[in-house]
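I opened this entry to record how the helices are packed. My notes follow the order in which I looked things up.

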Amino acid sequence: MKQAVVMEDGNQLIKLYSHPMSSCSRRVRLALHLKGLKYECINITSVGDPELLKVNPMGYVPALVDGTTIVSDSYAILLYLEEKYPQHALLPQDLVRKSINYQAASIVSSSIQPLQNMVLVNYIGEIVSPDEKLPWAQYHIGKGFVALEILLANYAGKYATGDEIYLADLYLAPQLDNAINRFKLDMTAFPLLLKLNKTYNETPSFQQILAETQQQHTDKSAFDFIKLQEA
Ligand SMILES: N[C@@H](CCC(=O)N[C@@H](CS)C(=O)NCC(=O)O)C(=O)O
């Protein structure tokens, strides 16, 4: 594992194993940014990277190292960060709104992202047909978006569950970016999600993570990890 960087206050700098194209990593990067936490971003560039396998035997990003604590999987990382660093709460106090945040995050993390990750989409291209890659991804994202559009209808304000940025937004923003920019999903049936996407694109914290991501896109070596063939 890479040697820890020690900050002026004696604490070790948080390390995030990440990938510029990874929507799961972007959820965590948004949380770290909102909570004002400094961190070292370690970009993983190859499948089976031994450094990554040491912190996440699944070999997926993101994985976070905070002192002696190692957490992988964005959901676990976000809940860990929320308890350890309560500034800029990621969950509202109100139990119903909190449950809406849990549901929105779960829909994205369990019922959308795993079905549109590039490994699976490329596998569909190989075993079925390259022409099936886009329809496959669009179908599964669309199915989740139908549910999200209904779920959030009575709760959305400026953001997904009110006028503050919460957990649901951290899941939605990168997923919307994938849907619209990578998978060219027709968003006509999802006016609320489209409105939220516009808000995210106009919100400085989201803009900053997006800009960093785009900057890292220019590092072509990063593409071996998530094979970004044309979907
Ligand atoms: N449930 C995990 C999913 C992690 C995941 O699928 N990460 C993707 C990037 S978003 C990845 O590492 N892909 C590389 C691979 O599948 O080999 C999480 O939320 O962190």
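I began with α7 and α8, which pack at an angle of about 105° with their axes 10 Å apart. Axes here are lines fitted to C-alpha atoms, for helices over the stretch in contact, and angles run from 0 to 180 degrees between N-to-C directions. The two helices, α7 and α8, are therefore roughly perpendicular, a term covering 65 to 115 degrees. I listed the contact residues as Leu172, Ala173, Leu176 and Ile180 of α7, with Leu193, Leu196, Asn197 and Tyr200 of α8; contact requires C-beta atoms, placed from the backbone, within 7 Å. I classed the residues of this contact as 7 nonpolar, 1 polar and no charged (nonpolar: Ala, Val, Leu, Ile, Met, Phe, Trp, Tyr, Cys and Pro; charged: Asp, Glu, Lys and Arg; polar: the others, Gly among them).

I noted that the model is predicted, with local features needing pLDDT of at least 70 and side-chain atom pairs pLDDT 80 or more, while totals for chains, interfaces and linings use all residues. Residues are numbered from 1 along each chain as its sequence is written.

I turned next to α6 and found Lys133, Trp136, Ala137, Ile141, Gly144, Phe145, Leu148 and Leu152 buried (20 or more other C-beta atoms within 10 Å of the residue's own, C-beta atoms being placed from the backbone). They lie on the same side of α6, because their arc around the axis is only 150°, taken from the directions from the helix axis to the C-beta atoms. I recorded that the buried residues of α6 pack against α4 (95-116), α5 (118-127), α7 (167-182) and α8 (191-202).

Methods:
A residue is buried if 20 or more other C-beta atoms lie within 10 Å of its own, exposed if 12 or fewer, and partly exposed in between; C-beta atoms are placed from the backbone. Helices (H or I, at least four residues) and strands (E, at least two) are DSSP runs, numbered from the N terminus. Two residues are in contact if their C-beta atoms, placed from the backbone, lie within 7 Å. Angles under 35 degrees count as roughly parallel, over 145 as roughly antiparallel, 65 to 115 as roughly perpendicular and the rest as oblique.
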